[in-house]
Each structure stands twice: as structure tokens, then as C-alpha cells.
Amino acid sequence: MLTEVTALRYLNPLRAGGSVPGIVETDDLGTYVVKFTGAAQGRKALIAEVIVGELARRLGLRVPELVLVDFDPAVAAEEPDPEIQDILRASSGRNLGMDYLPGARDFKATTPGNGGPMVDVDPAEAGRVVWLDALTGNVDRSVHNPNLMVWHGRLWLIDNGAGLIFHHRWSGAHASLLKRYDLSNHALAAFGPDVPAADARLAPLVTEDLLREVVALVPEEWLAEEPGFSSVDEVRAAYVHHLAARARGSAAWLPDGFATPEQLRRTEAERAAARQAGRPAWLQHVPDLHGKPTAAPDWSRHID
Ligand SMILES: Nc1ncnc2c1ncn2[C@@H]1O[C@H](COP(=O)(O)OP(=O)(O)OP(=O)(O)O)[C@@H](O)[C@H]1O
Ligand SMILES: [Mg+2]
């Protein structure tokens, strides 16, 4: 079960998010980013947050803790924006909370040689994130909207609500079972994601047992009355079946076309050499500081 907490105070809306999540204080003395059932994205986005987020955590990726937040709109009575009030009033009951990461920054996909990355992401980690997004059909971790944060010098996955596209139309889910998604614009595409290594390591872990454990965390009421199903258990089983079959068939949808780490190193070395060659003669012997500095420049040589 996900931990259940009760909202005590609505602090403010996060307007950067399309669903306008709120920062909320709760009775466990925590602060959470809350995604509301009454937002336009609806409860399917919250189901995806739980299933994709908890699956990611079990596959070794960093995801802030998820909880269920019991929300009484009365705690946000002072929120002045009428549109936000509409969302909050429609969200009485259980909503999804993600632990608020104080001091975290939104990841920016700058690459080495272009201002330097905010955080070291190795090809193995980039590969695992890309693999998860391909498995869950999440195209919402792009260069322009990375839905990744950097906290304590490490990468954290937030906002997994756009995954599981198939659950928006169950009648067509089977046809998309082995669908390949275009992830060429992925936020980590420039980090040499080693997708085959991630596949070898992660695909065998995505078993029906693991998926059952993750899908069981979704509250009953978010899954109720799904057209085409006669019970909530049937809906849970459909998620397990779909994701297990997709993991087994990964050869069909594995994203490719990313530069390999070796190609990235070569491109960066060529760029550095070109920059060095373009410098005036008097600067030729000073190390290139544009990319990652390899050694401190010896300024003593310039002092007469
Ligand atoms: N756990 C967190 N800790 C700190 N800040 C967060 C956290 N979750 C989200 N944020 C901040 O709020 C912003 C919006 O969050 P998020 O992307 O989850 O919302 P959304 O409504 O799903 O957005 P989108 O427009 O991508 O659909 C993030 O870009 C980030 O700056
Ligand atoms: Mg987002």
C-alpha cells in the first residue's frame, strides 16, 4: 500500500505544470506536490503516475516517494484563483502526492560542449530511463519538457502521468502492444543512452509478479467503472497483462538511433580540436575550457 496522509494546508499552485499541481502540507509533517483527480488530465494521469513511478523505483531509478493524500477542499479555501478552486473542489478524497524535493531544479538538457550538463548522467542510467519510457510509451520526457529534476547532484524522475497511453482506449490497447514510439527528442538522447544494456538488465525484471505488486498500489476508486470491464480486478489484470507482454516483446519496440558513447566522445573530441584550431596562435597552447577542462591552464607562462 502507498502511505496515506491527510492534507492540512494548501500552500500554492505550481503553475509550471499543465495540470496545476499544488504544494500541500500534510499530517505527517511532510510537504508534497499533489496531482488532483479533478484536474483536466483526469484520474488516468494519476494511475500512470503510480504504475510507472513505482515500476521505475523497483527498477532502480530515482523517484520521489509517492503517497495518497486525503484532500478536503476546505483546506484551500483561501486560494484566490477561481479556475484552481474549480479543480480543488472537484478533488475531494484521495489524490496523488509526490514528496516535494526542496532545492531541486528542473533538468536542462544541455550537453557537454554546450555549457556542460547540470549533472553527470552516464549512458547506463540514460539507457534505463529511455528504456522505461519506451516500455510505458511515455513521450513526455523530451528536451523541451524533460520532467526530470536534479536534486543533491542526481537525476530524479517526476511526472510519469503521460505514460500508459494505451489505457486511454482499452479497445485499441492490443494493437499498440509492440508499438515503437519516437523517442529521438528524449531529454537524455544526447547522453548516449545504452538502451540494449538497459533492455538486457531490466526486461527480465518486469515480471507479472512485479507488475501485480505495482498495479495493486492504485486506489480502487480510480479504476472503478472503466468501460469494457466488469470489475476493478479485471482492469488491474489488463495492466499487468499488457505491460508483461510488452516487456517480453521488447525486441520489437527497442528505441534505436541514439549516438553511442564512443560516437559522442569522438564528436566531442573533434569539436574540441576544431575550436583549438580556430584560435589565434598566441592561444593555441592554452587548454580548451569550453568543454570539460582537462587540466588547469598554466598562466605563469603569460607573466613576464
Ligand atoms: N517532487 C517535486 N519537488 C519539487 N518540485 C517539483 C516536484 N514535482 C514537480 N515539481 C515542479 O513542478 C513542475 C510541474 O510538475 P509536473 O511536471 O509534475 O506537473 P504537470 O502538471 O504534470 O506538468 P506537465 O505540464 O509536464 O504535464 C516541475 O517542472 C517542477 O518544477
Ligand atoms: Mg511536467
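In the predicted model, Gly30 touches Val5 and Asp99 when residues up to four places away in sequence are not counted. Gly30 is located in the loop that links β2 (22-26) to β3 (31-35). This glycine has 17 other C-beta atoms within 10 Å; because a residue counts as buried at 20 or more such atoms and as exposed at 12 or fewer, Gly30 is classed as partly exposed. The C-alpha atoms of Gly30 and Val215 are 25 Å apart in space, and the two residues are separated by 185 residues in sequence.

Val5 also appears among the contacts of Val69. With neighbours within four places in sequence left aside, Val69 is in contact with Val5, Ala7, Val24, Thr26, Tyr32, Val34, Asn95 and Gly97. Both Val69 and Val34 belong to the largest nonpolar core, where they are listed with Ile51, Val130, Trp131 and Leu188 as the residues with the most contacts inside it. This core comprises 70 residues. The most is given by helix α1 (residues 42-58), which supplies nine residues to the core. Residues of the core come from both domain 1 (3-101) and domain 2 (106-157 + 165-252), so the core lies between the two domains.

An open sheet is formed by three strands in the order β6-β7-β8, and the pairing is antiparallel. Its edges are occupied by β6 (105-106) and β8 (154-157), each of which pairs on one side only. Strand β7 (residues 148-151) runs antiparallel to β8 and is joined to it by four bridges. Within this pair of strands, Trp151 has Arg154 of β8 as its bridge partner. In general, the strands of a sheet pair through backbone hydrogen bonds, in either a parallel or an antiparallel manner.

At the level of the whole chain, eight helices and eight strands are assigned. The chain has 304 residues, of which 36% count as buried. Its C-alpha trace spans about 80 × 50 × 30 Å along the principal axes. Of the contacts between residues at least 6 apart in sequence, 72% join residues that are at least 24 apart.

How values were computed
Residues are numbered from 1 along each chain as its sequence is written. Chains are lettered from A and ligands numbered from 1 in the order in which they are written. This is a predicted model: local features need pLDDT of at least 70, side-chain atom pairs count only at pLDDT 80 or more; totals for chains, interfaces and linings use all residues. Two strands pair if DSSP finds at least two bridges between them. Helices (H or I, at least four residues) and strands (E, at least two) are DSSP runs, numbered from the N terminus. A nonpolar core is a set of buried Ala, Val, Leu, Ile, Met, Phe, Trp, Tyr and Cys residues joined through C-beta atoms within 7 Å. Domain bounds come from an automatic or database domain assignment. Two residues are in contact if their C-beta atoms, placed from the backbone, lie within 7 Å.
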